[in-house]
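Me: Got a minute to go through this one with me? I'd like to start with the ligands and then wander a bit.

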Amino acid sequence: MSHTAIVTGATSGFGDAITRRLVAEGWRVVATGRRRDRLEALVEALGGPDRIHPLVFDVRDEAATKAALASLPEPFADVSVLVNNAGLALGTGPAQDCDLAQWKQMIDTNVTGLVTVTRLLLDRLIATRGMVINLASIAATWPYPGSNVYGATKSFVRQFSLSLRSDLSRHGVRVTSIEPGLAESEFTLVRTGGDQAAYDALYRGADPLQPEDIAETVRWVVSLPPHVNINSVEIMPVSQSWGPLQVHRRTPV
Ligand code: NDP
Ligand code: 8X3
């Protein structure tokens, strides 16, 4: 494996923390996202263009994604670790109240975008006997009211990760699905359309996971010897656990 990783969605939250952690561990990182100013700030913060290469594209735009990945200069082109982190949730309401455009944006980003980046990099990952790390979610496994399409996109990511394993193991390529629970990041502001009160209420008193916890998990996964594959990692803050299944009763009973 070369020591070059690509991290999608590096402009905030998990992707930003993963990029910082990998660079601190001596990796070269291609950091991607739509917000150029944030990527430029990251390059500045992490010591300049020798260690980190910014790549601005929207994962929903196949042509732009293809052009961006084809433009990578050496040694950044020699990617051996792909961290598919870019993604989002939009909305918290029940399915019957949801906006179809938001559903499609989640599918286009979390599913189609992730698949596009993966397919475009597969030859390089096989050539380097590399690794794919996908950011799924506990919502892939544990549905909750309002998880509807978001949860379904993450189920896709989880299952795609396991299926990729079956195709790639003969090439020595490892695949891991990381499935975090409650984690504090801009994710919740994006999901709620910038509702700071909802953000504060969700995390208050919960000691949620922090992006650095996910970065530490990625560091651990990439540091394991080449014969070891972590298939999936489900991570929650201690404060989060399972409730009873809900029962909706007719009224009057
Ligand atoms: P953030 O909102 O902080 O970061 C999301 C990142 O995704 C940003 O860098 C954003 O970059 C990028 N992104 C979103 N849409 C696109 C797009 N169309 N093209 C390119 N990049 C895009 O969220 P988190 O760091 O919390 O989330 C990262 C991943 O982890 C997501 O896949 C999320 O579903 C998952 N996750 C999050 C959890 C949480 O509770 N926070 C828990 C479990 C999983 P930009 O806007 O610059 O394009
Ligand atoms: C984010 C975690 O529980 O909000 O994927 O769906 S959750």
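Reply: Sure, here is a walk through the ligand sites, a cavity, a salt bridge and some backbone oddities.

Me: What should I know about the model and numbering before we start?

Reply: It's a predicted model, where local features need pLDDT of at least 70, side-chain atom pairs count only at pLDDT 80 or more, and totals for chains, interfaces and linings use all residues. Residues are numbered from 1 along each chain as its sequence is written, chains are lettered from A and ligands numbered from 1 in the order in which they are written, and side-chain values use heavy atoms, with hydrogens and water left out.

Me: Which residues come nearest to ligand 1?

Reply: T11, S12, R34, Y150 and S185, out of 27 residues around ligand 1. A residue counts as near if one of its heavy atoms lies within 4 Å.

Me: And what polar atoms does ligand 1 have by its oxygen and nitrogen atoms?

Reply: One oxygen atom of ligand 1 lies 2.9 Å from a polar side-chain atom of R35. For Y150, a side-chain N or O atom is 2.7 Å from an oxygen atom of the ligand. On the nitrogen side, a polar backbone atom of A183 is 3.2 Å from a nitrogen atom of ligand 1. The cut-off for a polar contact is a pair of N or O atoms within 3.5 Å.

Me: How much of ligand 1 does the protein cover?

Reply: 96% of the 880 Å² of accessible area that ligand 1 has on its own (Shrake-Rupley, 1.4 Å probe). Helix 1 (13–24) and helix 5 (148–168) are the elements that give two or more residues to its shell. Helices here are DSSP runs of H or I with at least four residues, strands are runs of E with at least two, and both are numbered from the N terminus.

Me: What's the class mix in that shell?

Reply: 10 nonpolar, 11 polar and 6 charged residues. Asp, Glu, Lys and Arg count as charged; Ala, Val, Leu, Ile, Met, Phe, Trp, Tyr, Cys and Pro as nonpolar; the others, Gly among them, as polar.

Me: OK, ligand 2. What surrounds it?

Reply: S137, I138, A139, Y144, Y150, F187 and R191. By class that's 5 nonpolar, 1 polar and 1 charged. Y150 is in this set and also among the residues that come nearest to ligand 1.

Me: Which side chains have a polar atom 2.6 Å from an oxygen atom of ligand 2?

Reply: S137 does, Y144 does, and so does Y150. The protein covers 82% of the 240 Å² of accessible area that ligand 2 has on its own.

Me: Switching topic: how many cavities of 30 Å³ or more are there?

Reply: Just 1, with a volume of about 30 Å³. On a 1 Å grid over the protein atoms alone, a cavity is a set of points where a 1.4 Å probe fits but cannot get out, and lining residues have an atom within 4 Å of a point. Helix 4 (residues 100–127) gives the largest share of the lining, 4 residues. No charged residues line it: the split is 4 nonpolar and 5 polar.

Me: How many salt bridges?

Reply: 9 in the whole structure, a salt bridge being a side-chain nitrogen of Lys or Arg within 4 Å of a carboxyl oxygen of Asp or Glu. One joins D16 and R20 at 2.8 Å, N to O; both lie in helix 1, 4 residues apart, about one turn.

Me: Where's the cis peptide bond?

Reply: Between E74 and P75, with omega about 0 degrees. P75 sits in the loop between helix 3 (62–70) and strand 4 (81–84).

Key: A polar contact is a pair of N or O atoms within 3.5 Å; within protein, one must be able to donate a hydrogen and the other to accept it, and residues adjacent in sequence count only if both atoms are side-chain atoms. On a 1 Å grid over the protein atoms alone, a cavity is a set of points where a 1.4 Å probe fits but cannot get out, and a pocket is an open set with protein on both sides within 12 Å along at least five of seven lines; lining residues have an atom within 4 Å of a point. Grid points are joined across faces, edges and corners, and a volume is the space filled by probe spheres set on the points.
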